[in-house]
Amino acid sequence: MTADGEQTGVDHVFLSLERELAVFLRRARASSGELAREVHPDLEPAAYGLLVRLADAGAQRATELAAFFGVGKATMSRQLHVLEKLGLVAREPDPADGRAVLVRITDEGRERFTRVRTARRARYARRLAAWDPAEVAELARLLHRLNAEQEGEEG
């Protein structure tokens, strides 16, 4: 820190990172709420992420989903119950273990989710139209690295 209280060096870099991530996350939370309502008016914002995971990774056990998102089993159970009630996910026996249950996205859930995801990608493309495609790829790579390292710390 300088004599007049300014951050210097590494401290300044991490302060700047913290500030930008805070703005980004605040906007992402607001956006998730809007996206969730576009999928279904009664869908909670956190449930949109569950649909993303199920659409991308396929059917999973509720415990796997809870671990992936870093939430408790009770929270995951409650969120999945709402999704199931809305007809967006379904539970089915795990073919590898008859005692276990898998959660999968339903056809209706996939159709609703895909429509919203397509519109979201179009918004990203419009917002980042002035960026070089290599910059977009680099941002995606760095965010993936950050997420993977955070997942490693929590696991």
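The following paragraphs lead through a helix pair, a nonpolar core and one arginine in a predicted model.

A convenient place to begin is the pair formed by helix α2, which spans residues 45-57, and helix α3, which spans residues 62-69; their axes come within 11 Å and cross at roughly 115 degrees. The crossing in which α2 passes α3 is right-handed. On the α2 side the contact is made by Gly49, Leu50, Arg53 and Leu54, while α3 contributes Leu65, Phe68 and Phe69. Sorted by class, the residues in this contact of α2 with α3 are 5 nonpolar, 1 polar and 1 charged.

Helix α2 also takes part in the largest nonpolar core, which has 22 residues and in which Leu43, Leu51 and Leu83 have the most contacts. At least two residues of this core are supplied by each of α1 (9-39), α2, α3, α4 (73-85), β2 (97-105) and α5 (107-127), and the largest share, 6 residues, comes from α2. Leu51 can serve as a viewpoint within this core: leaving aside residues up to four places away in sequence, Leu51 touches Val39, Leu43, Leu83, Leu88, Val89, Ile105 and Phe113.

Two of the residues touched by Leu51, Val39 and Leu88, are also touched by Arg112, whose contacts, again not counting residues up to four places away in sequence, are with Val39, His40 and Leu88. Arg112 lies in helix α5, and its side chain reaches the backbone oxygen of Val39 at 2.6 Å, a distance that falls within the 3.5 Å cut-off used for a polar contact between N or O atoms.

Key. Residues numbered from 1 in each chain as written. Predicted model: local features only at pLDDT ≥ 70, side-chain atom pairs only at ≥ 80, totals over all residues. Heavy atoms only, no water. Axes fitted to C-alpha atoms, helices over the stretch in contact; angles between N-to-C directions. Helix = DSSP H or I, 4+ residues; strand = E, 2+ residues; numbered from the N terminus. Left-handed = near helix turned anticlockwise from the far one by under 90°. Contact = heavy atoms within 4.5 Å. Nonpolar A, V, L, I, M, F, W, Y, C, P; charged D, E, K, R; others polar. Core = buried A, V, L, I, M, F, W, Y, C linked by side-chain atoms within 4.5 Å. Buried < 20%, exposed > 50% of the residue type's maximum accessible area, 1.4 Å probe, protein only. Polar contact = N/O pair within 3.5 Å; in protein donor to acceptor, adjacent residues only side chain to side chain.
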